[in-house]
Structures are given as structure tokens and as C-alpha cells.
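Colleague: Please take me closely through the local geometry and surroundings of this chain, working outward from a single position at its beginning, and keep apart what is buried and what is exposed.

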Amino acid sequence: MTKGTTSFGKRHNKSHTICRRCGSSSFHIQKGKCSKCAYPERKTRSFNWSEKAKRRRTTGTGRMRHLKTMTRKFKNGFREGSQAKKMA
């Protein structure tokens with residue numbers, strides 16, 4: 001048997017499909033587990049030996065719909081329903 005071109009022609013079955021959680025094509029169909037984010041486990045897969053991989057999917061890489069306004073609100077003491085005092 002050759003291990004090159006002829007062997008590559010036999011590869012037409014998919015072992016991985018798209019993951020619901022991370023969207024990458026890393027969900028192993030038979031195992032029922034994603035190799036990138038470990039779905040359906042509750043905790044997302046991450047390791048300390050790969051700092052760069054952690055950086056790619058940490059807080060701040062997405063939209064941060066709620067968190068992006070928090071620094072401004074914190075600075076103002078989380079006030080609501082009042083106007084800021086005019087500076088003299």
C-alpha cells in the first residue's frame with residue numbers, strides 16, 4: 001500500500017462537524033464532544049500551557065454588550081434618573 005496520493009483519495013467520511021457553542025468544525029460525531037471548546041461540558045476547554053489560545057476567546061474579544069458600559073457607570077457611582085452636576 002502507498003501512503004501518499006492514493007490513500008488521500010479514500011478520505012470522504014467526516015469525523016468532525018460544526019460545534020453549536022464555538023462554531024468551529026471540531027465536534028466529533030461519534031464521541032459527541034467538541035475538541036476545541038469541550039461542548040457539551042459546562043466549562044469551556046482552556047489550558048494554562050496555551051496562553052495565546054486563552055487570549056483568543058477571553059472577555060473582550062466579543063461584543064461585550066453589557067460589560068462595555070460598566071466602566072462608565074462605575075465611574076459615576078451607578079446613579080440613575082438624575083442629571084450630572086454642572087461644573088462651575
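**From the first helix to the segment after the last**

Modeller: T5 is exposed, because its relative accessible area is 73%, and over 50% is the range that carries that label. Please bear in mind throughout that the model is predicted. T5 belongs to helix α1, which covers residues 5-8. A useful partner for placing T5 is H28, which stands 23 residues away along the chain, with 25 Å between the two C-alpha atoms.

H28 sits in strand β2, made up of residues 27-28. Is H28 buried or exposed? H28 counts as buried, because its relative accessibility is 16% and the limit for that label is under 20%. The side chain of H28 also has a polar partner, since it comes to 3.4 Å from the backbone nitrogen of Q30, a distance that falls within the 3.5 Å allowed for a polar contact.

Further along the chain, the structure has one salt bridge. That salt bridge pairs the side chains of K33 and E41, with a nitrogen-to-oxygen distance of 2.8 Å. K33 is partly exposed, as its relative accessibility of 37% shows, and E41, with a relative accessible area of 40%, is partly exposed as well.

The loop between β3 and α2 deserves the closest reading. P40 lies in that loop, where β3 spans residues 33-34, and the peptide bond that joins Y39 to P40 is cis, with omega at about 10°. A38 is also placed in the loop between β3 and α2, and its phi is positive, at about 70°, although A38 is not a glycine. Both features invite a check against the general expectation, which is that most peptide bonds are trans and most residues other than glycine have a negative phi. A38 counts as buried, because its relative accessibility is 7%.

A positive phi turns up at F78 too, a residue other than glycine, with a value near 55°. F78 is located in the segment that follows α3, the helix of residues 70-75. The surroundings can be stated for each residue: A38 is buried at 7%, whereas F78 is partly exposed, because its relative accessibility is 48%.

What gathers in the patch of positive charge on the surface? The patch consists of K36, R45, K52, R55, R56 and R57. K33 cannot be a member, because residues that form a salt bridge are left out of patches and K33 is bridged to E41. Of the patch residues, R56 can be placed in helix α2, which runs over residues 51-56. R56 counts as exposed, because its relative accessibility is 58%, and that value also passes the patch requirement of over 30%.

Conventions
Residues are numbered from 1 along each chain as its sequence is written. This is a predicted model: local features need pLDDT of at least 70, side-chain atom pairs count only at pLDDT 80 or more; totals for chains, interfaces and linings use all residues. Side-chain values use heavy atoms; hydrogens and water are left out. Patches are made of residues with over 30% relative accessible area and no salt bridge: like charges are joined within 9 Å, nonpolar side chains (Val, Leu, Ile, Met, Phe, Trp, Tyr) within 5 Å. Accessible areas come from the Shrake-Rupley method with a 1.4 Å probe; for residues, only the protein chains shown count as cover. A salt bridge is a side-chain nitrogen of Lys or Arg within 4 Å of a carboxyl oxygen of Asp or Glu. Lys and Arg count as positive and Asp and Glu as negative; His and the chain ends are not counted. The place of a charge is taken as NZ of Lys, CZ of Arg, CG of Asp or CD of Glu. Helices (H or I, at least four residues) and strands (E, at least two) are DSSP runs, numbered from the N terminus. Buried means under 20% relative accessible area, exposed over 50%, partly exposed in between (1.4 Å probe, protein chains only). A polar contact is a pair of N or O atoms within 3.5 Å; within protein, one must be able to donate a hydrogen and the other to accept it, and residues adjacent in sequence count only if both atoms are side-chain atoms.
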